[in-house]
Amino acid sequence: MDDGMETAVLQQQISTLQATVARLEQQVADYQQLEKKLQWLASFPEQNPNMVIETDLLGRPTYMNPEARHRFPELGQQGLGHPLLRGLRPIIVSFADSDQEYVAREVDVGDSVLEEKVCYTLYGDVHRVRIFAHDVTARKRAEEALQEMARRVVMAQEEERQRISRELHDEAGQALTALKIGLEIIQVEVPSGAEGLRQNLAEAIALTDTTRDRIRQLARGLRPPALDTVGLNLTLEDFCENFGRITQLAIAYEGTPHLRLEDAANICLYRVLQEALTNVAKHAQASQVLVKLWADETAVHLSIVDDGVGFVGQTAVTRPHSAGLGILGMHERVELLGGHLEIQSVPDEGTRIMARLPLTEM
Ligand SMILES: Nc1ncnc2c1ncn2[C@@H]1O[C@H](COP(=O)(O)OP(=O)(O)O)[C@@H](O)[C@H]1O
Ligand SMILES: [Mg+2]
């Protein structure tokens, strides 16, 4: 090889090396860029004021952001035994069996309530569970306070009704009875010939009678006295019978004797029946109504089924926006006691109302 050729080969090699160096420099720059981006991405969970936790499929934490480490420093050791992760295993199993991507749930961790979103992630062949959690204790407590307040309003309303009912029955009712007796005594004393006076007295006595009946009805409507004495089952049966007689509706009643419920539950179911049957009489043009009251281990159920005209917009939905005050009131009362009300209505087939109240120890 002459000198000229040798130089050319060397130069060739140098420029190949230079190109390689340049490529490597570019790659290093790219990696640095990528690392910065990774750091930037990692700052998301790190700066998140909510808790971010990652676990493996056995529920063992593999990552906790600062907020999670700060709130639950013992989480790393306790793993699935920690309240925050309790019940996680069935969720992980359910991820394996379905293509569900996340489960939202609320967990009670003793002094606070957390809202959690449990997500399943697969990166390459690494399976992970990510949990995003934030504290909703304040909201929960406010909701509970509101519920308690609404419960008290209903109770106070019932107490007031009971008081007025008793007052009407005892005071006004007795006074009218005394008035009637007084008028009848005068009637005996009316001299013969005073026909006009006799007629007036007879009218006054009749008016006293109708007023007394009206007051009794009012008192009964305000507070069914039988609830205290004969219990829910007979009171509802009695109500169906009376209501059927007055409205000429054929109401069949199938009840359950010996049900012992709290006062609030008794009144709630009584009011639901009152409103439901009033609606049947007002709107349904039904020929048959079936009312059932029964209980199982956990709940007491009341259903009112009619074969009337039905109405649209009612397919097992709860709290329909178009509902009137009567239907809303039923929902309110039942939900206040932790129960559930469902209305199904099919035009030209009829309406079914189902109320379920959880049984509480008495
Ligand atoms: N059993 C029923 N059969 C047919 N329509 C009903 C029945 N119950 C309720 N509805 C319909 O639902 C509407 C809302 O009822 P509700 O909330 O009790 O208010 P209101 O009775 O004062 O109209 C009624 O106006 C009626 O159109
Ligand atoms: Mg109504």
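Two strands pair if DSSP finds at least two bridges between them. Helices (H or I, at least four residues) and strands (E, at least two) are DSSP runs, numbered from the N terminus. The model is predicted: local features need pLDDT of at least 70, side-chain atom pairs count only at pLDDT 80 or more, and totals for chains, interfaces and linings use all residues. Residues are numbered from 1 along each chain as its sequence is written, with chains lettered from A and ligands numbered from 1 in the order in which they are written.

**Exercise 1. Work out the strand order and pairing of the sheet that holds strand 6 and strand 7.**

Step 1. Start with one pair. Strand 6 and strand 7 are joined in the parallel sense, over five bridges. To get your register, put Ala250 opposite Gln288 in strand 7.

Step 2. Now lay out the whole sheet. Five strands make an open sheet in the order 6-7-8-10-9, and the pairing is mixed.

Step 3. Find the edges. Strand 6 (250-254) and strand 9 each pair on one side only.

Step 4. Check the twist. Neighbouring strands are turned by 10° against each other on average, direction ignored; here axes are lines fitted to C-alpha atoms, for helices over the stretch in contact, and angles run from 0 to 180 degrees between N-to-C directions.

**Exercise 2. Place helix 8 and helix 9 on that sheet, then describe how they pack against each other.**

Step 1. Helix 8 lies across strand 6 and strand 7, at about 170° to strand 6. Helix 9 covers strand 7, strand 8 and strand 10, running at about 10° to strand 8.

Step 2. Take the helix pair. The axes of helix 8 and helix 9 are 11 Å apart and make an angle of about 15°. Angles under 35 degrees count as roughly parallel, over 145 as roughly antiparallel, 65 to 115 as roughly perpendicular and the rest as oblique. Helix 8 and helix 9 are therefore roughly parallel.

Step 3. Add the hand. Helix 8 passes helix 9 in a right-handed crossing (left-handed if the near helix is turned anticlockwise from the far one by less than a right angle, right-handed if clockwise).

Step 4. Look at who meets whom. On the helix 8 side you'll find Leu232, Leu236 and Phe239, among others, and the helix 9 residues they meet include Leu269, Leu273 and Leu277. Contact means C-beta atoms, placed from the backbone, within 7 Å.

**Exercise 3. Find the centre of the largest nonpolar core and follow its contacts.**

Step 1. Set the terms. A residue is buried if 20 or more other C-beta atoms lie within 10 Å of its own, exposed if 12 or fewer, and partly exposed in between. A nonpolar core is a set of buried Ala, Val, Leu, Ile, Met, Phe, Trp, Tyr and Cys residues joined through C-beta atoms within 7 Å.

Step 2. The largest core has 33 residues, and Leu269, Val272 and Leu273 touch the most other members. Elements giving two or more residues include helix 8 (232-247), helix 9 (263-284) and strand 7 (288-295). Helix 9 gives the most, with 12 residues.

Step 3. Zoom in on Leu273. Leaving out residues up to four places away in sequence, Leu273 touches Leu236, Phe239, Val291, Leu302 and Ile304. A separate core of 16 residues lies apart, with Leu84 and Val129 among them.

Step 4. Try Cys240, in helix 8. Cys240 counts as buried because 21 C-beta neighbours fall inside 10 Å. Beyond residues up to four places away in sequence, Cys240 touches Ile251, Tyr253 and Val291.

**Exercise 4. Trace the other five-stranded sheet from edge to edge.**

Step 1. The open sheet has the order 2-1-5-4-3, with antiparallel pairing. Strand 2 (61-64) and strand 3 are the edges, and the twist averages 25° from one strand to the next.

Step 2. At one end, three bridges join strand 1 (residues 51-55) to strand 2, with Ile53 partnered by Met64.

Step 3. Strand 4 (residues 113-123) takes seven bridges from strand 3 (residues 102-108), and Val107 stands opposite Leu114. In their hairpin, with four residues between the strands, Gly110 takes a positive phi near 90°.

Step 4. Strand 4 also joins strand 5 (residues 126-135), through 10 bridges; Cys119 faces Arg130 there. That hairpin has two residues between the strands, and Gly124 takes a positive phi near 65°.

Conventions: Two residues are in contact if their C-beta atoms, placed from the backbone, lie within 7 Å.
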